[in-house]
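Biologist: I'd like to see how labels such as "buried" or "salt bridge" get decided. Can you take me through some?

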Amino acid sequence: MTQTLVIEGMMCGHCEARVKKALEKIDGVISAEASNVSGTATVTLSKDVPDEGLKAAVEEQDYAVKGIASK
C-alpha cells in the first residue's frame, strides 16, 4: 500500500532528505521518497498508518501537508 502526500515548502535536496527521514521513522513505513520538484512524498506502508501520523511527522519538519491520497 502506498500513500502520496502533497507537501508545500520543500525547496531542495536537503528538504527532501528531512521529509524522507521523518516519514521513515514511523512504525509501519517501509520507505519514503520525497520530491521538491513535484512537491510530493510517496510512502510505502507495511500496515495501516493513520494520516494524522504522517502529516504530523512532516509538519514537525516545518513543511505543510496539503493533502494525502491512498493507492
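Modeller: Sure, and bear in mind that this is a predicted model. Start with one yardstick: a residue is buried under 20% relative accessible area, exposed over 50%, and partly exposed in between.

Biologist: What makes Glu24 partly exposed?

Modeller: Its relative accessible area is 32%, and partly exposed covers the values between 20% and 50%, so Glu24 gets that label. Lys20, with 27%, is partly exposed too.

Biologist: Why is the pair Glu24 and Lys20 called a salt bridge?

Modeller: The cut-off is a Lys or Arg side-chain nitrogen within 4 Å of a carboxyl oxygen of Asp or Glu. Here the closest N and O atoms are 2.9 Å apart, so the pair counts. Glu24 and Lys20 are four residues apart in helix H1, which puts about one helical turn between them.

Biologist: How do you know that Lys47 and Asp27 form a salt bridge?

Modeller: Their N to O distance is 2.5 Å, and that is within 4 Å, so they pass. Lys47 lies in the loop between S3 and H2 and Asp27 in the loop between H1 and S2, so the pair ties together parts 20 residues apart in sequence.

Biologist: What makes Asp27 exposed?

Modeller: Asp27 has 58% relative accessible area, and exposed means over 50%, so the label fits. Lys47, at 40%, is partly exposed.

Biologist: Which residues of helix H2 are buried, and how do you know that they line one face?

Modeller: They're Leu54, Ala57 and Val58. Seen down the axis of H2, they fall within an arc of 95°, so they line one face of the helix.

Key: Residues are numbered from 1 along each chain as its sequence is written. This is a predicted model: local features need pLDDT of at least 70, side-chain atom pairs count only at pLDDT 80 or more; totals for chains, interfaces and linings use all residues. Side-chain values use heavy atoms; hydrogens and water are left out. Buried means under 20% relative accessible area, exposed over 50%, partly exposed in between (1.4 Å probe, protein chains only). Helices (H or I, at least four residues) and strands (E, at least two) are DSSP runs, numbered from the N terminus. The arc is that of the directions from the helix axis to the C-beta atoms.
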